[in-house]
Amino acid sequence: MTSLKSKLSGFFAEIRKRKVHTATIAYVVIAWLLIEISSVVFPALLLPEWTHRLVVVLAILGLPLVLVLAWIFDLTPHGVERTSEPRSDVHPSPSPSMPAAPPATEDAVASIVVLPFEALSRDPDDAYLADGISAEISRALSRLPDIRVIPRPSGQAVRDAATDICEIGRKLDTRYILTGNLRRSGEHIRVIAELSDAHQGVLVWSETYNPTPADILEVEEDIATAIVASFGGQRLLENLQLGRSGKVQDLGAWSLVQKARAYLLSYSRSSLDEAEVLLRRAVELDPGYASAHAALASVLSERISSGLSESPEQDLEEAIRAAKSAVERAPQDPFVLKLAGSVWAYIGHREEAIETLRRVVEMTPFDFGAWGYLASALVTGGEALELEEAHAILDRILTMAPQHPGVAYWMHHKALAYTCEARFEEALRFAKHAVERQPKLAWAWYLYANALGMNDAGGAAKAVERAKQANPNMSVEAYVAFVNRTSATEGVSSQRIGGLQAAGLLPF
C-alpha cells in the first residue's frame, strides 16, 4: 500500500513538474472555443453539417497528442525544449536501500576544520576581521561537493578543550586543520595561515600574507586556493572558482555582516535588533552584496518565528524581498541559498524552501546544516513519503555529526516528524533530548508539552511554562500562529497542537 501511494505521489508530482495539467486545461478551453465558433460560423457560410462534426472529432483526437507533447516538451524562455528526466542520482526517492541523505564520511576527498583566526591586536574590530576571514575560508571550501568541512562552532568548542592538533582531529573526525592569526598596525596588516595534517601530526604548509586594507578580502581566496591545491586535483580548483558569486565590493559592508553574524548566535531580542541595524547599513553600503540581503532576511524571519516581531506582516514582506534579492544576486552560492531556504521554511513557503534546499545539498552534500533545514521543511507537509525522507536525513546526520551545533534542532525536527505521524511517545523522547541539549529552544518545549498533553495535562502545563521561560515572547498564541503558518495542511496543524488542546492549554 505504501509503495503504491509513493508511486502515485511521484507520478502526480511529475505531472505538476511537467505542467501537463496546465497544457490540458489550456487545450480544452481553446478546443471548446473553436467548437463554439464553428457551430455559429459554419452554417452562416453554408458549409455542410459534417464539417462541424469534423472539428469536434479532431478536437477530441487532439487531446491525447497534447498530453504526450506536454509530457515530453516544455516551453521555456529559450523556446521549446525537451523536458529533463528526473535524476535519481540527485534526489533519490527515499527507501531503506537508498535514503535521501548525506553521503558517507569516507566518500569525501578530504575533511577539514577551519578554526577561528586569532586577532593579535587589541582593537575589537580586528577580532571581527580575523574571525570573518576564517568564516569566509570555511564558506568557500563548503562550496566544494567533495570536501567535508566541519562546522566552525564545533571546531571552536573542541579547540577550547584541547590544543593538540592530533586530538582535535580525532574528536572532530577530520584530517586537516587550518589555524591562523591576524595582526594590524595602522594600514599594515599581516595574516598567517597554517594547514596541519592531524593524522600525521605535521604542518603541511604555512603562509604569511601582507594585504592592504583594500585587498584584505582577496586573502580568503588565496588561502582557500592553497588548501585545495594541497589536497590535489585540478577539478577541485576549477570548482572553487566556479562556486564564487555574489562577491562583496565594499570592505565596510563585509565587516558589518561579520559583526551581525556574531550577534545572531544568541537569538535574543537585543541581538536581533543589533544585527538588523548592522545588516541594513551593509545593504546600503553595498546593495549588490548577496550575503547581506540573505542575512537580513534570516534576521527578519527569525524575529517572526520567535514571536519577537512587532509588525509580523511588514517583516514577512521584507524578509521575502530580501531573500529573493539575495538569490537573484548569487543564484549559485550555497551559503546564500541555504539562508534563503531556511527563510522560506520559517515563513511557511514550504515548497520553495524544499526546492532551494535540495539545490544546496546537491551542490554541497556534506553541509549537514543544509540537510537539517531540508528535513525541517519536509516534515511540515505530513506526507508519508516526505516524512520517511526526513527521518532518513535526520538519522544520518545525527549519527555522522553528533557534535554539530544543530543537533538540538535536528532532534526537534525528529520530534516534529513523529508528532505528524501521531507517534507521541517517540515525539516525547526526542523533544526531551532537544531541550536537554538546548534548554532555550522554546519550539521543542511546546512539542514536548503537546506530546505530554495526550495523557498528562499537568506535565504539559509545566512544559508550556518552561517554553515561556525559554522565550518569554513565544506565547501559546504566538506558537499556534507559527504552527499554522508553517504547516502544509490543517491536519498537520491539528497534530502539532492537538495535545495542547486536549490538556486545555489553548486560549481558544
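Which residues are linked with E276 and R303 in a network of salt bridges? Here it's D273, R280, D315 and E318 that join E276 and R303 in that network. Keep in mind that this is a predicted model. A search of the whole structure turns up 21 salt bridges, and this briefing walks through some from the network.

**The chain overall**
- The chain has 508 residues, and 49% of them count as buried.
- Its secondary structure adds up to 22 helices and 8 strands.
- Take the contacts between residues at least 6 apart in sequence: 62% of these join residues at least 24 apart.
- About 24,700 Å² of the chain is exposed, with 56% of that coming from carbon and sulfur atoms.

**Within helix α10**
- E276 pairs with R280 in a salt bridge, with 2.8 Å between the closest N and O atoms.
- Both residues sit in helix α10 (residues 269-285), 4 residues apart, or about one turn of the helix.
- E276 counts as buried because its relative accessible area is 16%, under the 20% cut-off.
- R280 has a relative accessible area of 27%, so it falls in the partly exposed class, between 20% and 50%.

**From helix to helix**
- E276 also forms a salt bridge with R303, where the closest N and O atoms are 2.2 Å apart.
- That pair ties together distant parts of the chain: R303 belongs to helix α11 (residues 290-305) and E276 to helix α10, 27 residues apart.
- R303 and E276 are both buried.
- R303 meets D315 in a salt bridge too, at 3.7 Å from N to O.
- This link runs between helix α12 (residues 312-329), home of D315, and helix α11, home of R303, with the two residues 12 apart.
- D315 is buried, as is R303.

How values were computed:
Residues numbered from 1 in each chain as written. Predicted model: local features only at pLDDT ≥ 70, side-chain atom pairs only at ≥ 80, totals over all residues. Heavy atoms only, no water. Buried < 20%, exposed > 50% of the residue type's maximum accessible area, 1.4 Å probe, protein only. Contact = heavy atoms within 4.5 Å. Areas by Shrake-Rupley, 256 points an atom, 1.4 Å probe, with all protein chains shown as cover. Salt bridge = Lys/Arg side-chain N within 4 Å of Asp/Glu carboxyl O.
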